[in-house]
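This briefing is meant to be read alongside the sequence and the three-dimensional structure. The points are grouped by topic, and each can be checked by locating the residues it mentions.

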Amino acid sequence: MAYETAAPMLPAPSGDTLAKFAAIVGEKYAVSDADAQGQEPFLTEWRRLYKGRTPLILRPGSTEEVSRILALAHETGTAIVPQGGNTGLTGAQIPFQHEVLVSLGRMNRIRSRDPRGNSMVVEAGVTLAAAQKAAEEIDRLFPLSIGSEGSCQIGGNLATNAGGLQVLAYGNARAQVLGLEVVLADGRVWDGLRALRKDNTGYDLRDLFIGSEGTLGIITAAVLRVLPRPKSKATAFVGFTALEQAARFFDLALEMSAGELTAFELMPRIGMEFVLRHAPGSRDPLGTVFPWYALIEVASQREDGAAETAEALLTRGVETELVADAALAASLQQGRDFWHMREAMSEVQLHEGGSIKSDVSVPVADLPEFLRRATDAVLAIMPDCRPVPFGHYGDGNIHFNVSQPVGMDKAAFLARWDDFTGAINAIVLEFGGSISAEHGIGRMKRELLPRVKSPVEMEMMRAIKRAIDPKGILNPGKLL
Ligand SMILES: Cc1cc2nc3c(=O)[nH]c(=O)nc-3n(C[C@H](O)[C@H](O)[C@H](O)COP(=O)(O)OP(=O)(O)OC[C@H]3O[C@@H](n4cnc5c(N)ncnc54)[C@H](O)[C@@H]3O)c2cc1C
């Protein structure tokens, strides 16, 4: 375990209180610590960095049950950790002592869909993949797309303001939401399920909860914005002889695609090697080895529009000597295979021993310089470590991960976590960037927050927390 956790500040609930909590959802949906196996999937997170502990997991089936849970928590001063699909990467969804965990997975109904109004109302526990499918069934696109979409849930996506693979064209989770239903810390329900595109009637309460990491309320449902589905899509895998070529090709792609470019994902050779080694069914789409690759995707409302744009772009890229080699997917399956290479890149790092993660952003134009300096900085700390910087180049967002040297002891490598992330973050800050572009703060980066936010920003955030959750029962020890 790379991190020990700070103790939550609220007292443990009594046996009597726990029994009252369990009675709200019914015995079948209350998992106590007597059932270690039943609790296990909720307490171990994806990266295995944190191992949680809780006296009780509650799995409510309705907004009313969530409301009763929080009313009781407020009355008894019990700490609560909301959890969606448990795919978060900062430990924010994990209880560490005696917080009661509230898992939203049973609240998975699509409440309504309105193709003419281009919106749908879904409950918090609907998985992202199910939300995408629900939109597709009414011939609409729900454009949020991330590697964990089979498991993560809309409530978690909104609470983390998830980004992902198509932010370049459609924006992050925040941009996909019109309204919210939220249970407040004292159990009151805020019904903000409005499908309005415009509503300037005071403070934007909806935006307050998006990205709040379960510290201000429990999201129980959302009105999601959907879009007409693109009529065509083209996916290409591109090789570059140098990072600067990739950067200049991105500029060209933006210029030529006139809003049709939906993804520009950067990958280093070492990441490709990890995928080829560990991801079943993976194949190098290009015949030659290159130091850098990009997966690009273009979508169009015209039947052949995407292929035309992508072909013109690649031709121009070759003519200008920015593109060394490229493959344009000839079928949907081949496009999926290309995406498989990119999406497997997070997971395969688990198989290469310890991996120190960082999820940062800088202005897009500064990315090449940032990548060079951050690479030099981590190699200066440990010359045989293996930097694996990859990700959402088009958003200026790179997962600057570092894999351990081959053969090194994993624990000894992970013990250097703060040295590596500290060096990377220092460079990020010099570029005016962010130390958490999409994964949030959670437990992992909580101590860093006051170092990167001004005292004014910290005080405003604390004031909001105090006003909405005066007893501090929601996700204590996370974010703030
Ligand atoms: C393979 C992989 C790829 C990933 N790729 C990306 C990516 O490209 N972009 C990206 O942004 N993230 C990515 N992630 C991170 C993660 O999937 C997202 O942060 C996701 O939005 C979390 O959703 P979840 O339902 O799993 O939430 P959880 O992990 O369960 O919870 C995350 C946070 O949200 C809170 N929360 C959950 N549900 C609610 C609710 N209903 N109300 C209030 N608070 C709630 C929790 O308390 C916690 O603070 C990836 C993760 C994995 C494992």
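**Briefing on the predicted model**

With a relative accessibility of 12%, Leu-479 falls under the 20% limit and therefore counts as buried. The model is predicted, and the points below take up the backbone at Leu-479 and at one further residue, then the surroundings of the ligand, two helices, and several individual positions.

**Positive phi outside glycine**

- Leu-479 is not a glycine, yet its phi is positive, at about 65 degrees; the residue is found in the segment after helix 16, which covers residues 455-468.
- Asn-118 likewise is a residue other than glycine with a positive phi, in this case near 50 degrees, and its place is the loop between strand 5 and strand 6 (119-123).
- Asn-118 has a relative accessibility of 18%, and because the limit for a buried residue is under 20%, Asn-118 also counts as buried.

**The ligand and its shell**

- The ligand is surrounded by 35 residues, and those that come nearest are Pro-82, Gly-84, Thr-87, Gly-88 and Ser-148.
- By class, the residues of the shell around the ligand comprise 12 nonpolar, 21 polar and two charged.
- Strand 3 (80-83), helix 5 (154-159) and strand 10 (217-225) each contribute at least two residues to this shell, and the largest share, four residues, is supplied by helix 5.
- Backbone atoms of the protein take part in polar pairs with the ligand: a polar backbone atom of Pro-82 is 2.6 Å from an oxygen atom of the ligand, and a polar backbone atom of Asn-86 is 2.9 Å from an oxygen atom of the ligand.
- A nitrogen atom of the ligand is also found 3.5 Å from a polar backbone atom of Gly-164.
- The ligand would expose 970 Å² if taken alone, and the protein buries 96% of that area.

**Strand 10 and its surroundings**

- Thr-220 has its place in strand 10, and with a relative accessibility of 0% this residue counts as buried.
- Although Thr-220 and Gly-155 are 65 residues apart along the chain, their C-alpha atoms are separated by 6.9 Å.

**Helix 1 and the segment before it**

- In helix 1, which runs over residues 15-25, the buried residues are Thr-17, Leu-18, Phe-21, Ala-22, Ile-24 and Val-25.
- These buried residues cover an arc of only 150 degrees around the axis, which places them on the same side of helix 1.
- The face of helix 1 that is turned away from the buried side carries Gly-15, Asp-16 and Ala-23, which are exposed.
- Pro-13 lies in the segment before helix 1 and is buried, with a relative accessible area of 14%.
- Pro-13 and Ala-79 are 66 residues apart in sequence, while in space they are 8.5 Å apart, C-alpha to C-alpha.

**Helix 10**

- Helix 10 has 15 residues, numbered 305-319, and at 1.5 Å a residue it should span 21 Å; the C-alpha atoms at its ends are indeed 21 Å apart, so the expected span and the model agree.
- The buried residues in helix 10 are Gly-305, Ala-306, Thr-309, Ala-310, Leu-313, Leu-314 and Gly-317.
- Seen down the axis of helix 10, the buried residues fall within an arc of 150 degrees, and they therefore line one face of the helix.

**Two further positions**

- Ser-300 lies in strand 14, which covers residues 292-300, and with 2% relative accessibility Ser-300 counts as buried.
- The side chain of Ser-300 reaches the backbone nitrogen of Arg-302 at a distance of 2.9 Å.
- Asn-108 belongs to the loop between strand 4 (100-103) and strand 5 (110-114), and its relative accessible area of 48% makes this residue partly exposed.
- The C-alpha atoms of Asn-108 and Thr-215 are separated by 22 Å, and the two residues are 107 residues apart along the chain.

Notes. Residues are numbered from 1 along each chain as its sequence is written. This is a predicted model: local features need pLDDT of at least 70, side-chain atom pairs count only at pLDDT 80 or more; totals for chains, interfaces and linings use all residues. Side-chain values use heavy atoms; hydrogens and water are left out. A residue is near a molecule or strand if one of its heavy atoms lies within 4 Å of it. A polar contact is a pair of N or O atoms within 3.5 Å; within protein, one must be able to donate a hydrogen and the other to accept it, and residues adjacent in sequence count only if both atoms are side-chain atoms. Accessible areas come from the Shrake-Rupley method with a 1.4 Å probe; for residues, only the protein chains shown count as cover. Ala, Val, Leu, Ile, Met, Phe, Trp, Tyr, Cys and Pro count as nonpolar, Asp, Glu, Lys and Arg as charged, and the others, Gly among them, as polar. The expected span of a helix is 1.5 Å times one less than its number of residues. Buried means under 20% relative accessible area, exposed over 50%, partly exposed in between (1.4 Å probe, protein chains only). The arc is that of the directions from the helix axis to the C-beta atoms.
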